[in-house]
Amino acid sequence: MTTNDADVIVIGGGVAGLTAARLLGEAGQQVLLLEARGRLGGRVWTTHALSGLTVEAGAEFIHGRPRTIFDVIRAANLEVQEFSGAQWIQEDGQLRRCENFFAHTRSVLEEMSDLGPDRSFASFLGEYCQVEDAEKIWGLEYVEGFHGALAERISVHSLVRARRAEDETEGERSFRFAGGYESLLRVMRDALPTNQVSVRLNTAVKTVRWERHKVQIAAQTENGVAEFRAPRIVVTLPLGVMQAAPDAPGAVRFDPALEDKISALLLLYMGQTMRASLVFRERWWEQISSGALSDMNMVYSHQEWFPTWWTGVGPAPILTGWAASRRGERLSGRSGLFIRDKALESLTAIFGVPRPRVEGMLQSWHVHDWQSDPYARGSYSYVGVGGEGAQLELAQPVAETLFFAGEATNTEGLHGTVHGAIATGERAAREILGVLP
């Protein structure tokens with residue numbers, strides 16, 4: 001067993017952990033960042049197809065123009081492209097152009113209010129939403145799809161707060177990195193002050209024993225068990241890992257247990273989503289209907305498995321299918337071939353193209369089951385009914401010793417976003433620096 005000491009230990013090498021580690025290192029703290037995987041980034045993970053094309057396994061979009069990301073984009077001169085083009089929907093078996101899909105959902109979402117008692121989105125739809133049934137169905141598809149949530153669980157108050165947060169950052173606009181999210185990760189990694197921050201990959205934390213200003217961590221490494229000590233730590237574990245049973249794969253046991261966090265953990269949920277990126281030899285959909293779909297960027301449907309699809313960055317011949325909520329749960333744990341087949345089934349049903357033709361142009365497919373990943377246990381968090389204060393409770397430091405970051409601790413309505421996670425890393429670093437002598 002080896003022992004390593006630091007001023008601050010950061011558990012988790014996602015964007016929240018990288019942000020906290022950088023700021024603490026720049027402030028003169030000796031920081032040790034522990035990451036269970038063999039890579040940094042957490043649920044931000046850019047992969048590459050055999051053809052060399054960039055494929056996102058996790059986060060893909062920048063929602064709006066948040067300062068935390070666009071400051072980095074400008075400083076590092078990173079190239080981003082706005083997600084623009086035509087939207088299409090499939091209704092009653094017919095594919096048609098839709099000038100603004102969100103107009104279908106806005107009439108539903110604008111009726112939500114955070115006045116009065118909280119309720120689930122399903123309850124709101126059933127009792128208080130005075131719109132046409134078709135618009136209700138699209139509103140349900142949007143909320144469950146975008147948040148990866150169950151309509152009978154997700155809080156209306158949290159949805160209202162998220163909409164206000166989106167309005168402050170031009171949230172209806174979306175952008176993507178031309179070189180994938182790895183370009184942002186590369187900048188964040190290179191910004192770590194090497195004389196102050198040490199990174200340990202393939203180091204899975206198992207236990208955290210703590211008392212005031214004294215933490216002892218045991219972690220499994222490639223060379224056996226290692227021990228790490230510090231007076232303070234930043235915990236950036238995903239919500240699903242924080243909620244895992246102590247003996248579950250990837251779980252971290254705190255001793256003493258985090259009693260102050262139990263009620264918060266019961267009111268927050270991890271979204272279930274599955275994305276399948278299909279790489280083709282050419283953009284075959286542009287040949288449909290005499291080229292009518294040549295400027296398509298997104299298509300929405302009610303398909304059983306993958307109802308939502310979007311195109312790749314620039315001219316890349318990629319279509320990404322999105323299955324969330326119940327659909328994501330049904331796909332979790334399935335083989336890659338099963339997921340590919342269901343993706344093709346949905347895709348050919350939407351576009352009305354014979355499956356052999358589509359499958360014959362398929363070069364590769366890419367999926368990652370975040371629900372079955374022991375170091376994620378889901379995609380991103382959402383708030384349950386009555387959970388308005390749960391994120392703040394989860395974010396609260398304990399005994400000036402344990403500090404918490406990660407998208408599930410964001411209290412500004414930005415949970416489930418990369419920029420929301422970065423903001424929590426900034427906040428956790430400020431909290432630590434604020435209690436130092």
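Which residue in β10 does H63 stand opposite? H63 stands opposite S174 in β10, and the points below place this pair in its sheet before turning to the rest of the chain.

1. Basis of the note. This is a predicted model, in which local features need pLDDT of at least 70 and side-chain atom pairs count only at pLDDT 80 or more, while totals for chains, interfaces and linings use all residues. Residues are numbered from 1 along each chain as its sequence is written, and side-chain values use heavy atoms, with hydrogens and water left out.

2. The chain as a whole. The chain has 14 helices and 24 strands, where helices (H or I, at least four residues) and strands (E, at least two) are DSSP runs numbered from the N terminus. For 437 residues a compact globule would have a radius of gyration near 22 Å, and the chain agrees because its own value is 22 Å; the radius is taken over C-alpha atoms, and the globule rule is 2.2 Å times the number of residues to the power 0.38. Of the 437 residues, 57% count as buried, meaning under 20% relative accessible area (exposed is over 50%, partly exposed in between; 1.4 Å probe, protein chains only).

3. The sheet that holds H63. An open sheet of 3 strands has the order β6-β10-β7, with antiparallel pairing. β6 (62-63) and β7 (80-82) stand at the edges with a single partner strand each, so one side of each is left without a neighbour in the sheet. Between β6 and β10 (residues 174-177) there are 2 bridges, two strands being counted as paired if DSSP finds at least two bridges between them.

4. Strand β20 and its partners. β20 (residues 308-311) is joined by 3 bridges to β19 (residues 296-300), running antiparallel, with W309 as the bridge partner of V299. On β21 (residues 318-324), also antiparallel to β20, 4 bridges are made, and T308 has W322 as its bridge partner. β20 and β21 form a hairpin with 6 residues between them, and G314 in the turn has a positive phi of about 60°. T308 and W310 point one way from β20, W309 and T311 the other way, and all are buried.

5. Packing of α1 on α14. The axes of α1 (residues 15-26) and α14 (residues 418-435) come within 7 Å and cross at roughly 35°; axes are lines fitted to C-alpha atoms, for helices over the stretch in contact, and angles run from 0 to 180 degrees between N-to-C directions. Among the residues that meet (contact means heavy atoms within 4.5 Å) are L23 and L24 in α1 and I432 and L433 in α14.
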